[in-house]
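Dear colleague,

I am passing a structure on to you, and I would be glad if you could look it over before reading my notes, which follow below.

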Amino acid sequence: MAEVDSAFDFLHNEIVNYTHRERQGKFIENDAVQTLDRMGFNVGQRLVERFTKDSPRFKDELDIMKFVCKDFWTALFKKQIDNLRTNHQGVYVLQDNQFRLLTQISNGKQYTESAPKYLAFSCGMIRGGLANLGISCSVTADILPLPACRFQIVIQKT
């Protein structure tokens, strides 16, 4: 199973590097982030569909967020989220103190500036997974001291 985990980590790094390399000089840097977010959105939608196909419906928004923090996160990153906070008004903050996709680049301070580009795909996966569960939201990520990060999810009320 470690080989599959390593393959995912390598694939993620290559997708990020390729997307940013292809956009350099042609488009603004934000275009690469949007591309990675869209790719992650599609992956997140498909994964949640697969993970919940035999599950009963969720009771409420908080129940869905608990699923994301426990089951979804564990399936993707082999651990549960370290901290979930909410203001009970549609804002959730998920903190991962050892975010798997940042551990490879957390060995030096020179990577702190480039670290946010490695979070765009994950933001998209979270957003896509929640969209498939009926929650429209925006997802942003903040870098804490590497390899920790925080994802903020703002639910869009309709």
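At what angle do helix α3 and helix α5 pack, and how far apart are their axes? Please keep in mind throughout that this is a predicted model. Helix α3, which covers residues 61-77, and helix α5, which covers residues 120-132, pack at an angle of about 130°, and their axes are 11 Å apart. Angles over 145 degrees would count as roughly antiparallel and those from 65 to 115 as roughly perpendicular, so α3 is oblique to α5. The crossing of these two helices, α3 and α5, is right-handed.

On the side of α3, the contact is made by I64, M65, V68, F72, W73, L76 and F77, while α5 contributes S122, M125, I126 and L130. Sorted by class, the residues of this contact between α3 and α5 comprise 10 nonpolar and 1 polar, with no charged residue among them.

I64 of α3, which takes part in that helix contact, also appears in the lining of the largest pocket, together with V48, T52, S55, P56, R57, F58, N132 and L133. The space in this largest pocket comes to about 220 Å³, and its lining is made up of 5 nonpolar, 3 polar and 1 charged residues.

Two details of the backbone may also be of interest to you. In the loop between α3 and β1, the latter being residues 83-86, you will find K78, a residue other than glycine whose phi is nevertheless positive, with a value near 65°. Further along, the peptide bond that joins L146 and P147 is cis, with an omega of about 5°, and P147 itself is found in the loop between β3 (137-143) and β4 (149-155).

With best regards

Terms used:
Residues are numbered from 1 along each chain as its sequence is written. This is a predicted model: local features need pLDDT of at least 70, side-chain atom pairs count only at pLDDT 80 or more; totals for chains, interfaces and linings use all residues. Side-chain values use heavy atoms; hydrogens and water are left out. On a 1 Å grid over the protein atoms alone, a cavity is a set of points where a 1.4 Å probe fits but cannot get out, and a pocket is an open set with protein on both sides within 12 Å along at least five of seven lines; lining residues have an atom within 4 Å of a point. Grid points are joined across faces, edges and corners, and a volume is the space filled by probe spheres set on the points. Ala, Val, Leu, Ile, Met, Phe, Trp, Tyr, Cys and Pro count as nonpolar, Asp, Glu, Lys and Arg as charged, and the others, Gly among them, as polar. Axes are lines fitted to C-alpha atoms, for helices over the stretch in contact, and angles run from 0 to 180 degrees between N-to-C directions. Helices (H or I, at least four residues) and strands (E, at least two) are DSSP runs, numbered from the N terminus. Angles under 35 degrees count as roughly parallel, over 145 as roughly antiparallel, 65 to 115 as roughly perpendicular and the rest as oblique. A crossing is left-handed if the near helix is turned anticlockwise from the far one by less than a right angle, and right-handed if clockwise. Contact means heavy atoms within 4.5 Å.
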